[in-house]
Amino acid sequence: MTGAPASAAGGTGATPVRGGKLGAAAVNQASLWNIANLLTMARLVLVPGFVVLLLHDGGYDPAWRSIAWAAFAVAMITDVFDGHLARKYDLVTDFGKIADPIADKAIMGAALICLSYLGDLPWWVTGVILFRELGITVLRFWVIRHGVIPASRGGKMKTLAQGTAVGMYVLALTGPLATMRFWVMAVAVVLTVVTGLDYVRQAVVLRRQGRAEEKAAAVQGAAENAEAALESAKDEGQASRRAGTAGTASEGARGPERVAGNRGAAEAER
């Protein structure tokens, strides 16, 4: 969906432009109920359903865990498609900006906590991953006034590794596959820590640059204000001098008149 119909926008519909992307008018008409936001909402709705499926019958029934894995897989797939659709068709909304990362962390956090609760995954692994995800979110808001920390290739690899590892833990695997999932989760934890430290480094650099630019702008603004004040003072001084010169000339012009008047008064007295 691309938003409101043409009749709701004063009779002008959205026309596709290059590459199938919508024009600026369509962006303004983008509805909350577009396909990208609907996928995000579906992922949010899947979270409680996934928890129920994973913990059903004590959390150890292979059949129910397979169904829970399917729900988790659907959530991961919608995570890829909703962002892609929002960017490609200009369906980015304020709701999507807020709800999309919440949905991502909700499904991953629910899976990690449930797996640790069931004893399948050490609590410290869950703690490291959740601390990193929440910490980076706070960090982004900390530096948002100075700029946006872009998603790195390492961050995308981390997301893929986490999703794969958690999905393997959701399934009731045994034998070599159970051993493999341990190593996949180890890779995910390493990427989680390394990319988290890299985000911290980027945030510190971005904040320093932002503060330096703010100071430079403040100094430049003060200099411009001082220059403007000096120019204003010069203009006032010139106006005062012009007014003084005009006053002197006026007094000079009235001088002969006063002399003639005095002569007339003297002759009248005679």
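**A guided tour of an all-helix chain**

Begin by selecting Glu236, which lies in helix α7, a helix spanning residues 176-269. The model on the screen is a predicted one. With a relative accessibility of 54%, Glu236 counts as exposed, because the cut-off for that class is over 50%. Next, add Glu224, Glu227, Glu231 and Asp235 to the selection; together with Glu236 they form a negative surface patch.

**The whole chain**

Now display the protein chain as a cartoon. It has 7 helices and 0 strands, and its pattern along the sequence reads α-α-α-α-α-α-α. The chain contains 270 residues, of which 30% count as buried.

**The nonpolar core**

Which residues touch the most other members of the largest nonpolar core? Select Phe50, Leu54, Phe72, Val166 and Met185: these hold that place in a core of 28 residues. Then colour the elements that each give two or more residues to this core: α2 (35-55), α3 (62-88), α4 (94-117), α5 (123-142), α6 (153-170) and α7. Among these, α4 gives the most, with 7 residues.

**The salt bridges**

Side chains of opposite charge can pair when their charged atoms come close. In this model the count comes to 6 salt bridges, and three of them are visited below.

Select Asp79 and Arg43 and show their side chains. They meet in a salt bridge, with 3.7 Å from N to O. Asp79 belongs to helix α3 and Arg43 to helix α2, so this pair ties together parts that are 36 residues apart in sequence. Is Arg43 buried or exposed? Arg43 has a relative accessible area of 0% and is therefore buried, the cut-off being under 20%.

Proceed to Asp198 and Arg201. Their side chains also meet in a salt bridge, at 2.9 Å from N to O. Both residues lie in helix α7, where they are 3 residues apart, about one turn of the helix. Asp198 has a relative accessibility of 26% and so counts as partly exposed. Return to Arg43 and Asp79, and add Asp104 to the selection: salt bridges that share partners join these three residues into one network.

For the last stop, select Arg132 and Glu133. These two residues form a salt bridge in which the closest N and O atoms are 3.3 Å apart. Arg132 and Glu133 are both buried.

How values were computed
Residues numbered from 1 in each chain as written. Predicted model: local features only at pLDDT ≥ 70, side-chain atom pairs only at ≥ 80, totals over all residues. Heavy atoms only, no water. Patch = residues over 30% accessible without salt bridge, like charges linked within 9 Å, V, L, I, M, F, W, Y side chains within 5 Å. Areas by Shrake-Rupley, 256 points an atom, 1.4 Å probe, with all protein chains shown as cover. Salt bridge = Lys/Arg side-chain N within 4 Å of Asp/Glu carboxyl O. Lys, Arg positive; Asp, Glu negative; His and termini not counted. Charge placed at Lys NZ, Arg CZ, Asp CG, Glu CD. Helix = DSSP H or I, 4+ residues; strand = E, 2+ residues; numbered from the N terminus. Buried < 20%, exposed > 50% of the residue type's maximum accessible area, 1.4 Å probe, protein only. Core = buried A, V, L, I, M, F, W, Y, C linked by side-chain atoms within 4.5 Å.
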